[in-house]
Amino acid sequence: MNTCDPELALLRAEDRVLEIQTKLHRWARDDPHRQFSDLFNLVTDPAFLLVAWDRVRSNKGAKTAGVDGRTALSIVLRVGVEEFLDGLRASLKDRSFRPLPVRERMIPKPGGKLRRLGIATITDRVVQAAVKLVLEPIFEADFLPCSYGFRPGRRAHDAVAEIRHLATNPRRYEWIVEGDIKACFDEIDHTALMSRVRGRIADKRVLNLVKAFLKAGILGEDRQLQETNAGTPQGSILSPLLSNIALAVLDEHIAQQPGGPNSSPGVRAARLRRGLPNFKLIRYADDWCLMIRGNQSDAVTLRDEIAGVLSTMGLRLSPDKTLITHIDEGVDFLGWRIQRHRKRGTNRYFIYTYPAKKSLKAVMAKVKTLCRQVEVSQPLDELIRRLNQAVRGWCAYFRPGVSSATFAYLSQ
C-alpha cells in the first residue's frame, strides 16, 4: 500500500479492515456452522498488514526485540515501512515465510515463582496481528457472554460486576468455585486447539500459519532451543485469541447443561424446587468463577465435572488453588476481594468489592522498589513523578469499588 501520506493511508486501511471485519462477523453470526475458506488473501492484504504494523509499532513492546534483534524503530530507520511490508507480503504469498522461535523471558510472580513470557520477532508479530484481525471477528460470533478476557468491548470490571450481581439477593448464587488452571498457556493441547479452529476455518494456508506459530519453538534464557509441543506462548499477539478458543469448551459445556445460563427461568425454578442447583460461569481468560445457587456438595460435583471438560484440551485444575467458598467468606478475583458484609449500623447485608490484600501488597512492594531505585542525589520531583506513574493506574483500576479505606492506608 502506498504510504507517501502515512496518516491518510492508515486511515483508509483501517476503514477497509473494519468494513471486512464487520462482514466476517455478520456472516459467522448468521450461520453458526459456516466454514471460511478464503481468508489467506485477507491476511496478505496490504490494508490488513498496514493496520497490523501500526498496532505492533504502537504497542509498548515494540521497543523489545525478538531473537533477530530487530525493533520497530530499527525497521523504520534501516528498511522503511513500505519496503518492510512489501517484502513481508511477498514472503507470505510465495510461502517462504517461516516464524522464528520466541525469545524466553522469565517474569517474577508473587510467591517467588516465575512466569514465562515469549517475545516474538517484530515480523512475526505483524503477521500474527494480521491473522488476528481476520480470525477475531469470526470467533467473536461464537464466544459466549460469560467470557470477558481479551475481547473487544469487555473488561475485568464487567466480570467483577457480574459476580456481585449474581451473589446479590434475590438471585443468591452464593457458592463459588474459584478456578485456577495450572500453566494454562503452556499446556493447551495443539491437536485439540487446531480441531476447534478448523471448526470455523477451512483455509489451509491460514491453518498452516497458526500451526507454524504454535510450533515455532522457544529460545530459552540459556540460549537452548526448546520445542513447543503444547501451549501457546504467553505474550504472543495470537495467544489470547487462541486461549479463548480453547477455553470456550468450558463456556459451552456450562451453557448447555441443565441449570446453566441457557436454561429458561421456568426450568431453573423447577430445578430449585427439586433441590437441584443452578449455576453460571464468569471467565476472564484462564481465571474463572462458577457461581452456584445450591449447596457445597453441588459445588464439589461441578468442580470435578469441569476438571474432566478441561482435560479434553490438555488442561488441569490446580488442586491447591481451585477453591470452593461461600460469598460470606469472600473470593479473590482479578485483584478484587468480593465478599458479603453487614452494613455498619444496620442489620442489612450487601456485597462489597475492594482491593484484595495481595493487590495491596503488590503495589506497596512496587512503591518500595521505586524508592530504592531513585538515588538520594536526584530531585524529589523525579521520585514523585515515578511514584505517580506507578500508583495512578492502580488507583484507577480499583476506583469503582469500595476502596477509600485502602487508598487512605496506601497514602500514609
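This passage walks through the fold, the sheets and the empty spaces of a predicted model.

The model is predicted, and local features need pLDDT of at least 70, side-chain atom pairs count only at pLDDT 80 or more, and totals for chains, interfaces and linings use all residues. Residues are numbered from 1 along each chain as its sequence is written, and side-chain values use heavy atoms, with hydrogens and water left out.

The protein contains 16 helices and eleven strands (DSSP runs numbered from the N terminus, with H or I over at least four residues for helices and E over at least two for strands). Its radius of gyration is 24 Å, close to the 22 Å that the globule rule gives for 412 residues, so the protein is as compact as a globular protein of that length. Here the radius is taken over C-alpha atoms, and the rule is 2.2 Å times the number of residues to the power 0.38. Along the principal axes, the C-alpha atoms fill a box of roughly 70 × 65 × 45 Å.

Turning to the sheets, strands pair through backbone hydrogen bonds, either parallel or antiparallel; two strands count as paired if DSSP finds at least two bridges between them. One open sheet has four strands in the order β2-β1-β4-β5, with mixed pairing. Its edge strands, each pairing on one side only, are β2 (114-119) and β5 (225-226). Within this sheet, β1 (residues 102-108) and β4 (residues 218-219) run parallel and are joined by two bridges; R103 has L219 of β4 as its bridge partner.

A further open sheet of four strands follows the order β6-β7-β3-β8, and its pairing is antiparallel. At its edges lie β6 (278-284) and β8 (323-326), each of which pairs on one side only. Neighbouring strands of this sheet are turned by 20° against each other on average, direction ignored. Helix α11 (residues 239-256) packs on the sheet, where it touches β6 and β7 (287-293), and its direction makes about 165° with that of β6. Contact here means heavy atoms within 4.5 Å; axes are lines fitted to C-alpha atoms, for helices over the stretch in contact, and angles run from 0 to 180 degrees between N-to-C directions. Helix α13 (residues 296-311) lies across β3, β6, β7 and β8, running at about 140° to β7. Four bridges connect β3 (residues 175-180) with β8 in antiparallel fashion, and V177 is partnered by I324 of β8.

As for empty space, the search ran on a 1 Å grid over the protein atoms alone: a cavity is a set of points where a 1.4 Å probe fits but cannot get out, a pocket is an open set with protein on both sides within 12 Å along at least five of seven lines, and lining residues have an atom within 4 Å of a point. Grid points are joined across faces, edges and corners, and a volume is the space filled by probe spheres set on the points. Two cavities of 30 Å³ or more are counted, and the largest holds about 90 Å³. It is lined by 14 residues, with V102, Q128, F213, P233 and S236 closest to its centre.

The second largest pocket encloses about 270 Å³. Its lining has 13 residues, and R337, Y354, P355, V402 and T406 lie nearest the centre. Elements giving two or more residues to this lining are β10 (336-342), β11 (349-355), α14 (357-373) and α16 (404-411). Strands β10 and β11 run antiparallel, joined by seven bridges, and P355 in β11 is the bridge partner of W336.
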